[in-house]
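Here is a short report on a two-chain model. Please read it alongside the sequence and coordinates shown next.

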Amino acid sequence: MAATQTQVAPLRYTHEVPVVRIAARRGWTALDLGELLAYRELLYFFVWRDIKVRYKQTVLGAAWAVLQPLMTMLVFSLFFGMLAKIPSQGLPYPVFYYCALLPWTYFATAMQGATNIVVEQQRVITKVYFPRVVLPIASVLSGLVDLAIAFVVFMPMLAYYHIVPTAAVIWLPVFMLLAVLTALGVGLWLSALNALYRDVRFVVPFLVQYWLFGSPLAYPSSLVPAKWRWLYGLNPMAGVIEGFRWALTGHGEPPGMLLAASSAAVVLLVLSGLVYYHAMEGTIADVV
Amino acid sequence: MSQAAIHTDSLGKRYRIGQRARYLTLRDRLTYAAKAPLRWVHANGSNGSPGGTRHIWALRNVSFDLREGEVLGLIGRNGAGKSTLLKILSRVTQPTEGTAEIRGRVGSLLEVGTGFHPELTGRENTYLNGAILGMGKREIDRKFEEIVAFAEVADFIDTPLKHYSSGMQMRLAFAVAAHFEPQILLVDEVLAVGDLAFQKKCLGKMGEVAHAGRTIVFVSHQMNQIRRLCEKVIWMDGGTIRQAGQTAEVVGAYESAILSGEASNRVRRDSPQAKAQFLRWEIVEPRAAQPNVLDKPGPLVLRFLVDAKSPIRRAHHGIGLYDADRRLLWGTALKQFHLDAGVHQFVYHLPDLPVKPGAYCWRVTLWDEEDLVDSWECVPDLLVATKPVTHWLDEWAGILNIPSRFEVSPLEPEHVEQKQG
């Protein structure tokens, strides 16, 4: 036993000793960015864990990241495309739908993951302190890996249909960011609510379904009358999906009005989500 | 070097009754709103708070200072507020009133193996658990070999955790925890589990840590651990500080209070997650003034009450008797019996319990096949108060208190010769 006993490293006192003040929280604040930065390594580990665990003990593994949008794309192409003949901005149906399903599949899974994360991790939450906001952030970030995998199939698809992305593709990161923030904003609200009311878990599948039809997934947003477009754009996923289509294929118009409305909606969603989540943070371990 | 590492000023934590008992649903909120006016009439000031919601203070008016490098022990019965205090200091939950100031990097060990994931390998879980505790990746890199050696799981480090035995999982969890070295360490009673040899090893490691100038707050029910590790002790009772001071003095006062039968908190608090739970225990025969005191030698009957919230098809049950040094004196287990929902009594008949006078602890466990349902270090301790028939010096007295008969008589010379031949 003596062999495994080790010396305890002497304490290294740095010049600044961190001082933590503990008191009941009062007032409304959104986020302590400095603290979040200090916990970035934990954030990284949570993301890493999520990715590692996701496809463990599945036969198809990461192929699911491709299969999900691919299957939906086939169904949409068949029913909305070939049967209902919905206009597709001159794009082949598979490309038209897959472009939209890339951000949508990401959003739907990331949002659901973020909603459940607080309840899933209640053991950790009730035993260790860390800024709780790390959890939904980790959850929406880990979904990006699936999105990247789903892209792998998209490239040959573009080649097959002889579609060459235009310079608009440089806008893609902006739309991705918008998608991540949307998932985060919704996730912040729903995960905190889910900790309080487990009803949320039953509401989410409906929410996803309604949201799908409220987004230009199965149809182009040009079907929405122009004077209502701004209202339609308040659904941030409208801006994201149209943005993806435009950035990836160069077809259609740059979603100006839609993007502006969507961005505004996202900022509001994330900020309010942060405030609500932060207000819940102090008592989350008592109620979850 | 004697600055206050932890300073608390009248900390208090109030819970709504039942707040921890279960989560709310929207329906609860709605029905509550509908009933609220009615409830107000019923309550009508009878329990003080508006709207009829009842609150309990799990912690009230707790103020103390702990200097850098001091080791503080928190003792008290279950529900005395020790864990709540630790949770507030580790920032898991917020105080309702009062403040605390902590100078230094804090780490808390309210549980070992927090965040372990069965699908991940031992190596992956080591990193994950370390990160959750607050270690950086480089720190874990540096200590990784040590942790694996300490846990004695080197051959399985790249095997998923789900294939580990529960003992191996526990060892790995402890090993990570034992190598966690924040400036201020808050430890809940995590050392009460795991096999005994390994527990000793961990205690040894904790002792090293305690003497390395680290500030530690340590909750334990094991007074010998407290005596060994702590310089100062706070005795918590009913959410407030009952006594604080030097270890020997406070522990002595606590022990004599327990001995004098002030152990009202015999019933365990309800923990809603468990499928079943041990509620209390007592000595049925022979009856003494206190149901935890054994004052006569000879046959005895013990009773442990278990509340099963749902039926357990393949229950296993284990019992162990430990002495104050946490040595296992006796143990047995029963395999595969059926337990219906409801309160049951587990009754043991023993022909005798010939141990020397002192404090002992039963540990009872209940398993549903492989899953631990409940493990309870029975409170209060078993106090054996029989007449000692052992050596009068404690170090020669051993463990057993068995009467012996002694006689001296001369031996016939021919017998002696036979023997020598």
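## The hairpin at one end of the sheet

Strand 8 and strand 9 of chain B are joined by six bridges and run antiparallel. This is a predicted model. Within that pair, Lys232(B) sits across from Gln246(B) of strand 9. The two strands form a hairpin with two residues between them. Gly238(B) takes a positive phi there, near 60 degrees.

## The sheet of chain B

The hairpin strands belong to an open sheet of six strands in chain B, ordered 5-6-7-3-8-9. Its pairing is mixed. Strand 5 (106–109) and strand 9 (240–246) of chain B are the edge strands. Each has a single partner strand, so one side of each is left without a neighbour in the sheet. On average, neighbouring strands are turned by 15 degrees against each other, direction ignored.

Strand 3 of chain B (residues 71–75) has parallel pairings with two strands. With strand 7 (residues 215–219) of chain B, the pairing is parallel over four bridges. With strand 8 of chain B, the sense is again parallel, over four bridges. Which residues face Gly73(B) in these pairings? In strand 7 of chain B, the bridge partner is Phe218(B). In strand 8 of chain B, Gly73(B) stands opposite Val233(B).

## A helix on the sheet

Helix 2 of chain B, residues 82–89, packs on this sheet. Strand 3, strand 6 (184–187), strand 7 and strand 8 (232–237) of chain B are touched by helix 2 of chain B. The direction of helix 2 makes about 145 degrees with that of strand 7 of chain B.

## Domains and a kinked helix in chain B

The domain assignment splits out two domains in chain B: domain 1 covers 59–259 and domain 2 covers 276–397. Their C-alpha centres lie 26 Å apart.

Helix 4 of chain B spans residues 137–151 and has a kink of about 55 degrees. The kink is centred on Lys143(B). Lys143(B) is also buried, as are Ile140(B), Ile147(B), Val148(B), Phe150(B) and Ala151(B) of that helix. The cover over these buried residues includes helix 3 (122–133) and helix 5 (166–178) of chain B. Just past the end of helix 4, Glu152(B) has a positive phi of about 60 degrees.

## Chain A in outline

Chain A has 12 helices and one strand. The strand comes at the N-terminal end of the element order, and the helices follow. Along the principal axes, the C-alpha atoms fill a box of roughly 70 × 50 × 40 Å.

Of the 288 residues in chain A, 40% are buried. How many of the contacts between residues at least 6 apart in sequence join residues at least 24 apart? The share in chain A is 81%.

## A buried alanine in chain A

Ala192(A) lies in helix 7 of chain A, residues 172–196. Is Ala192(A) buried or exposed? Ala192(A) is buried, because 26 other C-beta atoms lie within 10 Å, and the cut-off for a buried residue is 20 or more.

Leaving aside residues up to four places away in sequence, Ala192(A) touches Val118(A), Tyr276(A), Tyr277(A) and Met280(A). Thr105(A) is 87 residues from Ala192(A) along the chain. Their C-alpha atoms are separated by 23 Å.

## Where the chains meet

The contact between the chains involves 39 residues of chain A and 51 residues of chain B. On the chain A side, strand 1 (19–23), helix 2 (40–54), helix 5 (122–125) and helix 12 (284–287) each supply at least two residues. Helix 2 of chain A gives the largest share, six residues. By class, the chain A side has 21 nonpolar, seven polar and 11 charged residues.

Strand pairing also crosses between the chains. Strand 1 of chain A and strand 4 of chain B (residues 97–103) run antiparallel and are joined by five bridges. One bridge pairs Val20(A) with Ile102(B) of strand 4 of chain B. In general, strands of a sheet pair through backbone hydrogen bonds, either parallel or antiparallel.

Definitions and conventions
Residues numbered from 1 in each chain as written. Chains lettered and ligands numbered in written order. Predicted model: local features only at pLDDT ≥ 70, side-chain atom pairs only at ≥ 80, totals over all residues. Domains from an automatic or database assignment. Bend = angle between axes of the 7 residues up to and from the residue. Buried ≥ 20, exposed ≤ 12 C-beta atoms within 10 Å, placed from the backbone. Contact = placed C-beta atoms within 7 Å. Pairing = 2+ DSSP bridges. Axes fitted to C-alpha atoms, helices over the stretch in contact; angles between N-to-C directions. Nonpolar A, V, L, I, M, F, W, Y, C, P; charged D, E, K, R; others polar.
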